[in-house]
Amino acid sequence: MSRPPTTSDRIALAWRELRRNATGTAMRAHLLGPDGPKLEQAQTDALEIIAAHRDGIRMSDFADAMHVDPSTATRAVDRLVKLGLAERRQIDDDRRYVQAIATQQGVDTVRRIRKLRTMAMRRILEPFDDHELEEFASYLERFVATIDELLDDLNNDRLDD
């Protein structure tokens with residue numbers, strides 16, 4: 001006889017299903033449209049970060065924003081450049097400094113994603129009242145902050161058993 005799931009088990013299972021559904025291929029296809037670019041979740045995130053910086057973002061700042069190393073950031077931008085969603089530019093004739101900037105197609109893609117995501121979130125959150133939404137937002141923010149703290153501890157070998 002198996003034990004009933006703990007609250008922690010239920011949260012872990014819900015998280016897994018959320019990752020599978022919300023970031024899955026089907027959801028991205030709806031957000032990007034049938035004729036939209038075929039982007040993975042990380043590429044979508046990368047495009048949104050780049051598009052938020054209308055004058056471009058330095059590659060080192062982009063890597064920090066993505067929480068990845070510079071070589072991973074470079075590969076992410078390479079994919080977006082190949083899709084025509086971003087381009088690279090040198091900063092002030094100094095070849096060491098490069099920035100990524102969204103093309104018009106990239107900006108249009110981000111606008112579409114945000115519009116459809118906003119509509120989807122309204123529908124998803126519809127069953128909750130204002131108080132529940134406020135609590136949910138607070139819990140989710142704390143949850144993310146705790147994950148960040150855990151990752152910091154793991155990266156600095158400070159994890160307690």
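Colleague: In which helix is the place of A63?
Modeller: This is a predicted model, and the place of A63 can be read from the elements assigned along its chain. The residue A63 belongs to helix α4.

Colleague: Is A63 buried or exposed, judged by its relative accessibility?
Modeller: The cut-off for buried is a relative accessible area under 20%. Since the relative accessibility of A63 is 2%, this residue counts as buried.

Colleague: Which residues does A63 touch, not counting residues up to four places away in sequence?
Modeller: A63 sits in helix α4, and one of the residues it touches, D69, lies in the loop between α4 and α5. Not counting residues up to four places away in sequence, the residues that A63 touches are V68, D69, P70 and A73.

Colleague: How far apart in space are A63 and A51, C-alpha to C-alpha?
Modeller: Along the sequence, A63 and A51 are twelve residues apart. In space, taken C-alpha to C-alpha, the distance between A63 and A51 is 14 Å.

Colleague: Is D69 buried, partly exposed or exposed?
Modeller: D69 is found in the loop between α4 and α5, and its relative accessible area is 38%. Because partly exposed covers the range between under 20% and over 50%, D69 is partly exposed.

Colleague: Which residue in the loop between α4 and α5 has a positive phi although it is not a glycine?
Modeller: Most residues other than glycine have a negative phi, which is the background for this question. The loop between α4 and α5 holds a residue that is exposed, with a relative accessible area of 71%. With a positive phi of about 60°, although it is not a glycine, the residue is H67.

Colleague: At what angle do helix α3 and helix α5 pack, and what is that arrangement called?
Modeller: Helix α3 covers residues 41-51 and helix α5 covers residues 70-82, and their axes are 10 Å apart. The two helices pack at an angle of about 85°, which makes α3 and α5 roughly perpendicular.

Colleague: How many nonpolar residues are in the contact of α3 with α5?
Modeller: On the side of α3 the residues are Q43, A46, L47 and I50, and these meet A76, V77, R79 and L80 in α5. By class, this contact has one polar residue, one charged residue and, as the number asked for, six nonpolar residues.

Colleague: Which element supplies the largest share of the largest nonpolar core?
Modeller: In soluble globular proteins, nonpolar side chains tend to be buried together. Here the largest nonpolar core has 23 residues, and those with the most contacts inside it are I50, F62 and L80. At least two residues of this core come from each of α3, α4, α5, β3 and α6. The largest share, five residues, comes from α3.

Colleague: Which residues is I50 in contact with, leaving aside its neighbours within four places in sequence?
Modeller: I50 is one of the α3 residues that meet α5, and it is also among the residues with the most contacts inside the largest nonpolar core. Leaving aside its neighbours within four places in sequence, I50 is in contact with I57, F62, V77, L80, A100, I101 and A102.

Colleague: How many helices and strands are there in the protein?
Modeller: From the N terminus on, the elements run α-α-α-β-α-α-β-β-α-α. Counted by type, these are seven helices and three strands.

Colleague: What radius of gyration does the protein have, set against a compact globule of 161 residues?
Modeller: The C-alpha atoms fill a box of roughly 65 × 45 × 35 Å, taken along the principal axes, and 24% of the 161 residues count as buried. A compact globule of 161 residues would have a radius of gyration near 15 Å, whereas the value for the protein is 19 Å.

How values were computed
Residues numbered from 1 in each chain as written. Predicted model: local features only at pLDDT ≥ 70, side-chain atom pairs only at ≥ 80, totals over all residues. Heavy atoms only, no water. Axes fitted to C-alpha atoms, helices over the stretch in contact; angles between N-to-C directions. Helix = DSSP H or I, 4+ residues; strand = E, 2+ residues; numbered from the N terminus. Parallel < 35°, antiparallel > 145°, perpendicular 65-115°, else oblique. Contact = heavy atoms within 4.5 Å. Nonpolar A, V, L, I, M, F, W, Y, C, P; charged D, E, K, R; others polar. Core = buried A, V, L, I, M, F, W, Y, C linked by side-chain atoms within 4.5 Å. Buried < 20%, exposed > 50% of the residue type's maximum accessible area, 1.4 Å probe, protein only. Rg over C-alpha atoms; globule rule 2.2 N^0.38 Å.
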